[in-house]
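Student: Could you take me on a close look at one part of this structure, a single charged side chain and its surroundings, and then show me how the aromatic rings are arranged? I would enjoy a connected walk through it.

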Amino acid sequence: MLSRLFAPKVQVSAHCDLPCGVYDPAQARIEAESVKAIQEKYQANEDPHFRARATTIKEERAELAKHHVSVLWSDYFKPPHFEKYPELHQLVNDALKALSAAKGSTDPATGQKALDYIAQIDKIFWETKKG
C-alpha cells in the first residue's frame, strides 16, 4: 500500500542530468577571464597580503573553470560530436592543462592561453547547437 502511495506518477528520461539548454562554455570563459584579470592585478601590486589573497582567489577560479570544461566534455558532448570534431578530446585536455598552468602561475599569458582553448571549445559547442 505504501509503495503505491509513494510510487512516481510520471516517469521521465533524459540523456543528461538536466535538459541540454543549461550547458554553456561561457561559464568556463568567465572564470578563466577572472584568472587572467587576477594575474594582471597580481603583477601590478607589490603588497604581499594582496598577492596572497589574489593567489587564493585565482586558484579557486581556475578550478571552477576546469570544472565547467570537464562538465561540457563529460555531460554535453556526445559520440557524434567527437566523430564530427575529432580534435575535441585533445582540445579539452589542452584547455584543462592550460587552466592547471594558469592556476599555478601569476603570468597573465597562461591565463590567456587557457582563454584561447576555451574559445575553441566555445566555437565547436555553438556549431553543435546548430545541428
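Tutor: Happy to! In this predicted model, residues 24 or more positions apart account for 74% of the contacts in the protein with a separation of 6 or more. The secondary structure comes to 6 helices and 0 strands, and reading along the sequence gives the pattern α-α-α-α-α-α. Of the 131 residues, 33% count as buried.

Let us settle on K58, which is found in helix α3, spanning residues 48-76. This lysine is buried, yet has no salt bridge. The nearest side chain of opposite charge belongs to E59, and it is 4.6 Å away. Because a salt bridge requires a side-chain nitrogen of Lys or Arg within 4 Å of a carboxyl oxygen of Asp or Glu, that distance of 4.6 Å leaves K58 without one.

What does the side chain of K58 reach at 3.5 Å? Its partner there is the backbone oxygen of A102. A102 also turns up in the wider surroundings: leaving aside neighbours within four places in sequence, K58 is in contact with V35, I38 and Q39, and also with A102, K103, G104 and S105.

Another charged side chain brings us to the rings. The charged end of R51 sits over the ring of Y42, 4.2 Å from the ring's centre.

Now for ring against ring. A search of the whole structure finds 5 aromatic pairs. One of them joins Y76 and F77 in an edge-to-face arrangement, with 5.2 Å centre to centre and 70° between the planes. Both Y76 and F77 are buried. F125 and W126 also form an edge-to-face pair, at 4.9 Å centre to centre and with 90° between the planes.

Are the two members of that second pair buried or partly exposed? F125 counts as buried because its relative accessibility is 0%, whereas W126 is partly exposed because its relative accessible area is 39%.

These two pairs also belong to a wider group: Y76, F77, F125 and W126 join Y23 and F82 in one aromatic cluster.

To draw the threads together, K58 is a buried lysine with no salt bridge, its side chain reaches the backbone oxygen of A102, and Y76, one of the cluster's members, is buried, as is F77.

How values were computed
Residues are numbered from 1 along each chain as its sequence is written. This is a predicted model: local features need pLDDT of at least 70, side-chain atom pairs count only at pLDDT 80 or more; totals for chains, interfaces and linings use all residues. Side-chain values use heavy atoms; hydrogens and water are left out. Helices (H or I, at least four residues) and strands (E, at least two) are DSSP runs, numbered from the N terminus. Buried means under 20% relative accessible area, exposed over 50%, partly exposed in between (1.4 Å probe, protein chains only). Lys and Arg count as positive and Asp and Glu as negative; His and the chain ends are not counted. A polar contact is a pair of N or O atoms within 3.5 Å; within protein, one must be able to donate a hydrogen and the other to accept it, and residues adjacent in sequence count only if both atoms are side-chain atoms. Contact means heavy atoms within 4.5 Å. Rings of Phe, Tyr and Trp (its six-membered ring) pair if their centres lie within 6.5 Å; planes under 30 degrees apart count as stacked, over 60 as edge-to-face and the rest as tilted. A charge sits over a ring if NZ of Lys or CZ of Arg is within 6 Å of the ring centre and within 35 degrees of the ring normal.
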